[in-house]
Amino acid sequence: MLIKFALPTILSTVFMSIYTSVDGMFVARLVSTDALSAVNIVMPLVFIASGIGTMFGSGGNALIAAKLGEGKNQEAREDFSLLLLISFIVSLFIVVFCFIFLKPLLVMLGANQKLMDYCVTYMIPVLISMPFAIFGTMLSMSYITISKARLGLVMSVLGGVLNIVLDWVFIAIFHWGIVGAAIATSIGYATTSVVGLVYFAFNRTHDLYIVKPKWRRHTLIKSCTNGSSEMIGVFAGSVVEILFNNILMNLAGANGVASITIMLYVQSLFNAVYRGYAVGIAPVISYNYGANDVQRLKKIHHISMKLIIVASILLTALCMLCAPIMVRFFAKNNEVVYTMALHGFRIFSTSCLLVGVNVYASALFTALNDGKTSAILSFCRTVVFLVIPVFVLPIIMGLDGVWASIPVGELLSIMMVVYYFRKLNFKNL
């Protein structure tokens, strides 16, 4: 039942990860590896938008699903509408700020003079589409809450296919280069977000739809604090990617940045499976938490752990076996980048064995409305246990230290997860 319930969300999350990788595929093969490096430098801004949407989406939907489980349907709708409005206002502030400080921000992200024009060209359309990216992330989680995960899958497939087709048209046929990739991604975000907003605004046949929002300070605070762990995870991932870009620019130049870009793209597709499962079953956990069904919660947890461990072993093996094919796909025309990325990828991909449990742990505590524990796990995993290795290991091991930093961070994180799992008692929640 859990696999059947989560499968559409897993597939949906995979397609959402394609949003951040399909541009890289076309840019790497049809423009240049320098342009690919520029895409990766700008990508943390996309992740920031995704992090805000994830915060409101995961934290808000955990609260909304619990209220639906308690029978407070109208209050859940008002909270849903309020969070949509607040997220839109926040996104506008971010867009204005980024436009005002565009070039200094790009320098901070790791751009040098050689890549600056590429970065500016790609960044402007991405900034314009940022509110749509936030809405898209929020709505994808809301589909799950109303048991319409398949509709969320359809939206993700629509956006992914549209992005791929437009990338081909704009880059291969119109020869717009990197700006074509940015415009294609922006149209993909806008299309799925507008369709989702229309669906929740006018379809009144399910429990959750847009109504006149009602200000509840508690709703905003609870949603933000409960979803802060997911946001911290995404934000910290962006910070680490910025560190990667700056360190690799110093150690290996644009080729080093292109290499880490390839690894992050491939890893994101595999990690999407873990995120999709965790997000997919989160409303089930929240609903049973609201209904106080302790036995069902325990059963879901035990089954989930078995599934994730098996999936982690299989995906890591697949990642190792297919590494040359996946790296070559991006680095077709640059043998230096291919050799560097393939060597690093074999070290880097061992993190797939550990990340599944870590992702699930944070999502579990968020779904149980225990935002504090979830935030601690996420902060330690994505900041303390990752930033320190990124700074320290390259000093000791050079380039290999950069590749090894994420597996080391995941290993440290899983030790903390084991500690909190031992303390977990569903009866005392």
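Which residues in α3 meet which residues in α6? I would like to begin there, and before I answer I should say that what we have in front of us is a predicted model.

On the α3 side, the residues that take part are Phe80, Leu83, Leu84, Ser87, Phe88, Ser91, Ile94 and Val95, and on the α6 side they are Met130, Pro131, Ile134, Phe135, Met138, Leu139 and Ser142. If we sort the residues of this contact of α3 with α6 by class, we find twelve nonpolar, three polar and no charged. As for the geometry, helix α3 covers residues 73-100 and helix α6 covers residues 130-145, and their axes come within 8 Å and cross at roughly 155°. The two helices α3 and α6 are therefore roughly antiparallel to each other, and their crossing is right-handed.

Let me stay with α6 for a moment. This helix has 16 residues, and from its first C-alpha to its last it reaches 24 Å, which is close to the 22 Å expected at 1.5 Å a residue. Is α6 enclosed by the rest of the structure or open to the outside? Because 15 of the 16 residues of α6 are buried, the helix is largely enclosed by the rest of the structure. One residue that you can look at as an example is Ser142, which lies in α6 and is buried, with a relative accessible area of 1%. Leaving aside residues up to four places away in sequence, Ser142 touches Asn61, Phe80 and Phe200, and Phe80 is also one of the α3 residues that meet α6. Just after α6, if you follow the chain onward, Ser147 takes a positive phi of about 60°. As a general point, most residues other than glycine have a negative phi.

The next pair to look at is α7 and α8. Helix α7 runs over residues 149-173 and helix α8 over residues 178-202, and here the axes come within 8 Å and cross at roughly 155°. That crossing makes α7 roughly antiparallel to α8, and it is right-handed. From α7, the residues in this contact include Leu151, Met155, Leu158 and Gly159, as well as Asp167 and Phe170, while from α8 they include Gly180, Ala181, Ile183, Thr191 and Tyr199. Sorted by class, the contact of α7 with α8 has 13 nonpolar, seven polar and one charged residues.

In the loop between α7 and α8 you will find His175, and this residue deserves a short pause. Its phi is near 60°, a positive value in a residue other than glycine. Is His175 buried or exposed? With a relative accessible area of 63%, His175 is exposed.

Further along the chain, a third pair of helices gives another arrangement. Helix α13, residues 352-367, and helix α15, residues 399-423, pack at an angle of about 45°, with their axes 9 Å apart. That angle makes α13 oblique to α15, and α13 passes α15 in a left-handed crossing. Among the residues making this contact are Leu354, Val355, Asn358, Tyr360 and Phe365 of α13, together with Pro407, Glu410, Leu411, Ile414 and Phe421 of α15. The residues of the contact of α13 with α15 divide into 13 nonpolar, two polar and one charged.

I would like to finish with two residues whose neighbours in space come from elsewhere in the sequence. The residue Ala66 lies in helix α2, residues 33-69, and at 6% relative accessibility it counts as buried. Measuring along the sequence, Ala66 and Leu368 are 302 residues apart, and yet in space they are 8.9 Å apart, C-alpha to C-alpha. Not counting residues up to four places away in sequence, Ala66 touches Ser286, Gly290 and Asn369.

The other residue is Phe345, which lies in helix α12, residues 335-348, and which counts as buried at 1% relative accessibility. Which residues does Phe345 touch, again not counting residues up to four places away in sequence? They are Met263, Val266, Cys319, Ala323, Met326 and Val327. The C-alpha atoms of Phe345 and Leu264, which are 81 residues apart along the chain, are separated by 9.3 Å.

How values were computed
Residues numbered from 1 in each chain as written. Predicted model: local features only at pLDDT ≥ 70, side-chain atom pairs only at ≥ 80, totals over all residues. Heavy atoms only, no water. Axes fitted to C-alpha atoms, helices over the stretch in contact; angles between N-to-C directions. Helix = DSSP H or I, 4+ residues; strand = E, 2+ residues; numbered from the N terminus. Parallel < 35°, antiparallel > 145°, perpendicular 65-115°, else oblique. Left-handed = near helix turned anticlockwise from the far one by under 90°. Contact = heavy atoms within 4.5 Å. Nonpolar A, V, L, I, M, F, W, Y, C, P; charged D, E, K, R; others polar. Expected span 1.5 Å × (residues − 1). Buried < 20%, exposed > 50% of the residue type's maximum accessible area, 1.4 Å probe, protein only.
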